[in-house]
Amino acid sequence: MNSTVQKILKIHWLVKQSLTKKPTDRRAKVSDLFMWRKDKDWRTFFELLDLPALFGSNDKHFVDVVFFDQLGQEIAMHQLDLLHLDRQVLDLSTIITQLNTEDELGTFAVFHSQVPESIAQSESWITERGYIGYQYKNAPLNSYVHGNYDAIAKTDLGMQLLGGESFLKRKYQLQFVFLPSSSYEVAFVNPCVKAKKMTIQVLSMQSGAVLDTQFRVIQPRALFVFSMAHIAEPCRIVVNSRMVMARPIVFAYCDDKMDVFHG
């Protein structure tokens, strides 16, 4: 009986539940949902490349940078011309300041203006998963983290979220040990069409005991930041949700130094 029950419970893993969905438009532009932050301690930058030019296009290209607030609501769209086959650094903090928004956290997506013909013919999509740079307390060097996966597409009919959704809840175990010598912020983004319930558990590395539990509902395109300070012992985090992969980014602090990485 136990064997039969286990097989039944595993059925939802055998049914195809992709990490990300495919856009409905062959000429859609795809981006990750990146995190921006801006206040007296933070500045956010983005490394831009003229991706269509890498496929032989000599046309003049641009990108549409779409900003969302912490609740996933669209704030504004900023258009920027690209430098042909050259790298440029986009100062997002300056752009967001000009939007006169009081938000200090949010998400953004970067959509390229053109899909190269070779990409469209191969039934693929041009995707922006570039590098975000975070400057903390005027540090001389930025800390960088790259895009995670295909999260959102821009089509002629509007924007389409691509995050994979599971039939049943899944556990995502962060591949990192949180130490008492540092404090942390763990940032989750919802790239799915529907709001997602999330349970975040902090577990002792030594005993496995649950040290803290938080429940959240994250709206589509929205951002939730889970703070961890004054940690008493080494611990790990387990996330339960119906996202196929609830992979966050982690900000680690030690004195005035900061590092950022995928969890």
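Here are a few worked exercises on the structure above, which is a predicted model.

**Exercise 1. Find the largest cavity and describe its walls.**

Step 1: Start with the count, which comes to two cavities of 30 Å³ or more. The largest cavity has a volume of about 230 Å³.

Step 2: Now look at who surrounds that space. The largest cavity is lined by 23 residues, and those nearest its centre are Leu33, Asn148, Val189, Arg247 and Ile249.

Step 3: Map the lining onto the strands. β2 (34-37), β9 (131-136), β10 (143-146) and β14 (183-189) are the elements that each give two or more residues to the lining of the largest cavity. With three residues, β14 gives the most.

Step 4: Sort the lining by class. You get 17 nonpolar, four polar and two charged residues for the largest cavity.

**Exercise 2. Do the same for the second largest cavity.**

Step 1: Its volume is about 40 Å³.

Step 2: Pick out the lining in the structure: Leu19, Tyr149, Gly163, Gly164, Pro191, Cys192, Met243, Val244 and Met245.

Step 3: By class, that lining of the second largest cavity splits into seven nonpolar, two polar and no charged residues.

**Exercise 3. Locate the largest pocket and say what lines it.**

Step 1: The volume of the largest pocket is about 160 Å³.

Step 2: It has 13 lining residues, and the closest to the pocket centre are Val202, Asp212, Met228, Ala229 and Ile231.

Step 3: Two strands, β16 (210-218) and β17 (223-228), are the elements that give two or more residues to this lining. By class, the pocket lining has eight nonpolar, three polar and two charged residues.

Step 4: While you're in this area, check the loop between β16 and β17, where Ala222 lies. Ala222 counts as buried because its relative accessibility is 3%, and buried means under 20%. The C-alpha atoms of Ala222 and Asp69 are 7.2 Å apart, although 153 residues separate the two along the chain.

**Exercise 4. Work out which parts of the chain three of the salt bridges tie together.**

Step 1: A search of the whole structure turns up nine salt bridges. Take Glu185 and Arg37, whose side chains meet at 3.0 Å, N to O. Glu185 sits in strand β14 and Arg37 in strand β2, so this pair links parts 148 residues apart in sequence. Both Glu185 and Arg37 are buried.

Step 2: Next comes Arg43 with Asp91, their closest N and O atoms being 2.4 Å apart. Since Arg43 is in strand β3 and Asp91 in strand β6 (residues 87-91), the pair ties together parts 48 residues apart in sequence. Arg43 is partly exposed, at a relative accessible area of 32%.

Step 3: Finish with Lys196 and Glu165, which form a salt bridge of 2.7 Å, N to O. Lys196 lies in strand β15 (residues 196-204) and Glu165 in strand β13, so parts 31 residues apart in sequence are tied together. Salt bridges with shared partners also join Lys21, Glu165 and Lys196 into one network. Lys196 is buried at 6% relative accessible area, whereas Glu165 is partly exposed at 23%.

**Exercise 5. Decide whether Phe55 is buried, partly exposed or exposed, and find its patch.**

Step 1: Go to the loop between β3 (42-49) and β4 (62-69), where Phe55 is found.

Step 2: Phe55 has 45% relative accessibility, so it counts as partly exposed.

Step 3: Phe55 joins Leu54 and Leu85 in a nonpolar surface patch, with about 330 Å² of accessible area together.

Definitions and conventions
Residues numbered from 1 in each chain as written. Predicted model: local features only at pLDDT ≥ 70, side-chain atom pairs only at ≥ 80, totals over all residues. Heavy atoms only, no water. 1 Å grid on protein atoms, 1.4 Å probe; cavity = no way out; pocket = protein on both sides within 12 Å on 5 of 7 lines; lining within 4 Å. Points joined across faces, edges and corners; volume = space filled by probe spheres on them. Helix = DSSP H or I, 4+ residues; strand = E, 2+ residues; numbered from the N terminus. Nonpolar A, V, L, I, M, F, W, Y, C, P; charged D, E, K, R; others polar. Patch = residues over 30% accessible without salt bridge, like charges linked within 9 Å, V, L, I, M, F, W, Y side chains within 5 Å. Areas by Shrake-Rupley, 256 points an atom, 1.4 Å probe, with all protein chains shown as cover. Salt bridge = Lys/Arg side-chain N within 4 Å of Asp/Glu carboxyl O. Buried < 20%, exposed > 50% of the residue type's maximum accessible area, 1.4 Å probe, protein only.
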